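Good morning, everyone, and thank you for making the time. I would like to walk through a structure that may be new to many of you, so please have a look at it before I begin.

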Amino acid sequence: MDVGNYDSINVGDEICMEKGPTLRDQLKKYAKASGDINPIHTTPAIAEKAGLGDVISHGLFNMAHVNHMLADWAGPSGMVKMIDVQMRSMGRPDDMLICKGKITKKYEEDGKKCVDLDVWQESKTLVTPEKEEKGYFKEGDEYITEGDEKYRIQKTVIVGTASVILP
Amino acid sequence: MGEDEEIEESRAKYKEFIGMQVKGGRYKVMQKKITAYCEAVNHNDPRYVDENIEGGPVAPPEFAAAYAISGLTSLATVQGLIKNFSKLLHTGQKYEYFEPVRPGDVLQSDSEIMDVYEKNKMLWIILRSTFVNQDGKKATVAEFTAGIRPGGF
């Protein structure tokens, strides 16, 4: 992702970064690296027992990708000042996570070039009989078809706001 | 009774917890922890993982999850608030960043329960943790929001 250029961006402009697919092994690594070792993220049998059907990704794992987008956009000379999100939907193994931001304000503060954004994360999940059986999908979900494949789309896995200092 | 009044009434029920200081912790930032975290979230930027980069590496902003988990686990030390942690849903997270976090830093945290109330049959808890580095500078503030499902409180 290119570093944001304060002088050329405008309110309403969007940024986007796609991450994934989420891998089961990645969730195991995340559990160890983050210290969040709740087995509902790593052990299918325990996630099933908890009524989840299968493991779910850590909320902060999903959020990390939004921060990744912001940090790359801020670049080495900029920084993420603040991120404030709600976790609205569950992430699953095999999900593609699409992180997005929309500029709501640009301003200078203490000589720094600041940008406020609305941020959110969408997910795209390939529909398979196995996932249907495990209860990945629920009534009211939204689907798209690409070629022979059907995907469930969640528009707001994560939603919130952020502030970034650009170089 | 309206929803706002119900929330306010439930705050009175939990007033002993609101404003409570929760046991803090100490976290030593190590490059291997940053590298493992970056690998897990596939954010292997040299500015985070290259130990020889000019000026030295820093932690990516999302690494706050690794040092701020102490705030969440400290809730377990609060008697009489959460009875069953398996009913806890992590519903919101805020991070404010003030100073870069680098390998070798030692972060001392203090946590405070900012709010507790019932809404939609769930118990909502907001916990704020402030992380100060070895130079006494505020590095990060993390605000964690949890919803506890019925049966968990």
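Let me start with a single pair of residues, where D84(A) stands opposite K94(B), a residue that belongs to β2(B). I should say at once that this is a predicted model, and everything that follows should be heard with that in mind.

The pair leads us to the strands themselves: β2(A) and strand β2 of chain B, which covers residues 88-97, pair in the antiparallel sense, and they do so over five bridges.

How many residues are in contact between chain A and chain B? On the chain A side there are 29, and they are in contact with 23 residues of chain B. The elements of chain A that give two or more residues to this side are α1 (24-34), α3 (59-74) and β2 (79-87), and by class the side of chain A that touches chain B has 15 nonpolar, eight polar and six charged residues.

Turning now to chain A as a whole, we find four helices and six strands, and if we read from the N terminus on, the elements run β-α-α-α-β-β-β-α-β-β. The C-alpha trace of chain A spans about 55 × 40 × 20 Å along its principal axes, and of the 167 residues in this chain, 38% count as buried.

Finally, a word on how contacts within chain A are spread along the sequence: among those between residues at least 6 apart in sequence, 73% join residues at least 24 apart.

Key:
Residues are numbered from 1 along each chain as its sequence is written. Chains are lettered from A and ligands numbered from 1 in the order in which they are written. This is a predicted model: local features need pLDDT of at least 70, side-chain atom pairs count only at pLDDT 80 or more; totals for chains, interfaces and linings use all residues. Two residues are in contact if their C-beta atoms, placed from the backbone, lie within 7 Å. Ala, Val, Leu, Ile, Met, Phe, Trp, Tyr, Cys and Pro count as nonpolar, Asp, Glu, Lys and Arg as charged, and the others, Gly among them, as polar. Two strands pair if DSSP finds at least two bridges between them. A residue is buried if 20 or more other C-beta atoms lie within 10 Å of its own, exposed if 12 or fewer, and partly exposed in between; C-beta atoms are placed from the backbone.
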